[in-house]
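Biologist: I should like a close look at a single part of this model, namely the packing of its helices. Please describe how the helices meet and which residues make the contacts.

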Amino acid sequence: NGEQVRVHSVPVYDGNGRVVGAVQAARGQNQIQQQRSAALYATLAGVVIGAIVAPLAGLFLARRAMRPIDAAFATQRAFVADASHELRTPLAVLRANAELIERMPDAPPEEIRAETGQMIAEIDSMTRLVNDLLFLARSDEGAPALIRHEPVALAAILEAEEAAHQTQVASAGLTLSLRIESPAMVSGDADRLRQAVRNLLDNAIKYTQRGG
């Protein structure tokens, strides 16, 4: 039927060493060809599947490996944003006080001392902000809570921030008044509360129309 056949012949000898016959074994090649074809197809299929799966697996592993790096960049961006926001207010207060002193060269010494004292207080505040920003960075990294819980006179914080922002408020054509009806003792972190009050006043000054 046209099938190729492989034949193996072995001679048969008598006692005198003469060839008296032969034993032959034959096997058709169709089964072997089918096995070779199957092996070839399996190899080709493996190559194709590998060519498809390998890049996908590499991309998956690469993305998985990049997650900590992406998280680090996100933390860095958040830290920079926090730093910019936290430093904007004391810098604005310092500039406003400096401009006020520049416009009033003949002001009484008491007023000059008051303004310079306010500037020194702002510089001290900016020094504390360095530690505050480190706190924010550790918080973004998921560090344990570092906020203190102790009795705080909120009224004193409000009075200090109200006085610190008066020059900036006046430059913006606004009015800032404070009315405290109780000692306003709270449990919290004085530095964090001061940050919150500053941010509120900063936003209020920024987004309130003149005369407000």
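Modeller: The following account takes the helix contacts one pair at a time and then turns to one residue and to the strands.

The model is a predicted one. Two packed helices are described by the angle between their axes and the distance between the axes. Each pair below is treated in those terms.

Helix α3, residues 154–171, and helix α1, residues 30–103, have axes that come within 9 Å. The crossing angle of these two axes is roughly 65 degrees, and α1 and α3 are therefore roughly perpendicular to each other. In handedness, the passage of α1 across α3 is a left-handed crossing. On the α1 side the contact is made by Thr89, Ala92, Val93, Ala96, Asn97 and Leu100, and on the α3 side by Ala164, His165, Thr167 and Gln168. By character, the residues of this contact between α1 and α3 comprise five nonpolar and five polar, with no charged residue.

Helix α1 also meets helix α4, which spans residues 190–207. Here the axes come within 10 Å and cross at roughly 70 degrees; α1 and α4 are therefore roughly perpendicular to each other. From α1, the participants are His85, Glu86, Arg88, Thr89 and Pro90. They meet Gln195, Arg198, Asn199, Asp202 and Asn203 of α4. The residues of the α1 contact with α4 divide into one nonpolar, five polar and four charged.

The remaining pair to be described is α3 with α4. These helices pack at an angle of about 30 degrees, and their axes are 10 Å apart. That angle makes α3 roughly parallel to α4. The crossing in which α3 passes α4 is right-handed. The α3 residues in this contact are Ile157, Leu158, Glu161, His165, Gln168 and Val169. Their counterparts in α4 are Ala190, Leu193, Arg194, Val197, Arg198, Leu201, Asp202 and Ile205. Together the residues of the α3 contact with α4 comprise eight nonpolar, two polar and four charged.

Within this last contact, one residue may be examined individually. Valine 197 lies in helix α4. Its relative accessible area is 12%, so valine 197 is buried, the cut-off being under 20%. Setting aside neighbours within four places in sequence, valine 197 is in contact with Ile157, Leu158 and Glu161. For a sense of span, valine 197 and asparagine 30 are separated by 167 residues in sequence and by 89 Å in space, C-alpha to C-alpha.

The strands complete the description. Strand β1, residues 5–13, pairs with β2 in the antiparallel sense over nine bridges. The two strands form a hairpin with five residues between them. In the turn, glycine 17 has a positive phi of about 85 degrees. Tyrosine 13 has valine 19 in β2 as its bridge partner, and arginine 6 stands opposite arginine 27 in β2. Strand β2, residues 19–28, is hardly covered: among its 10 residues, the count of buried residues is zero.

Conventions
Residues numbered from 1 in each chain as written. Predicted model: local features only at pLDDT ≥ 70, side-chain atom pairs only at ≥ 80, totals over all residues. Heavy atoms only, no water. Axes fitted to C-alpha atoms, helices over the stretch in contact; angles between N-to-C directions. Helix = DSSP H or I, 4+ residues; strand = E, 2+ residues; numbered from the N terminus. Parallel < 35°, antiparallel > 145°, perpendicular 65-115°, else oblique. Left-handed = near helix turned anticlockwise from the far one by under 90°. Contact = heavy atoms within 4.5 Å. Nonpolar A, V, L, I, M, F, W, Y, C, P; charged D, E, K, R; others polar. Buried < 20%, exposed > 50% of the residue type's maximum accessible area, 1.4 Å probe, protein only. Pairing = 2+ DSSP bridges.
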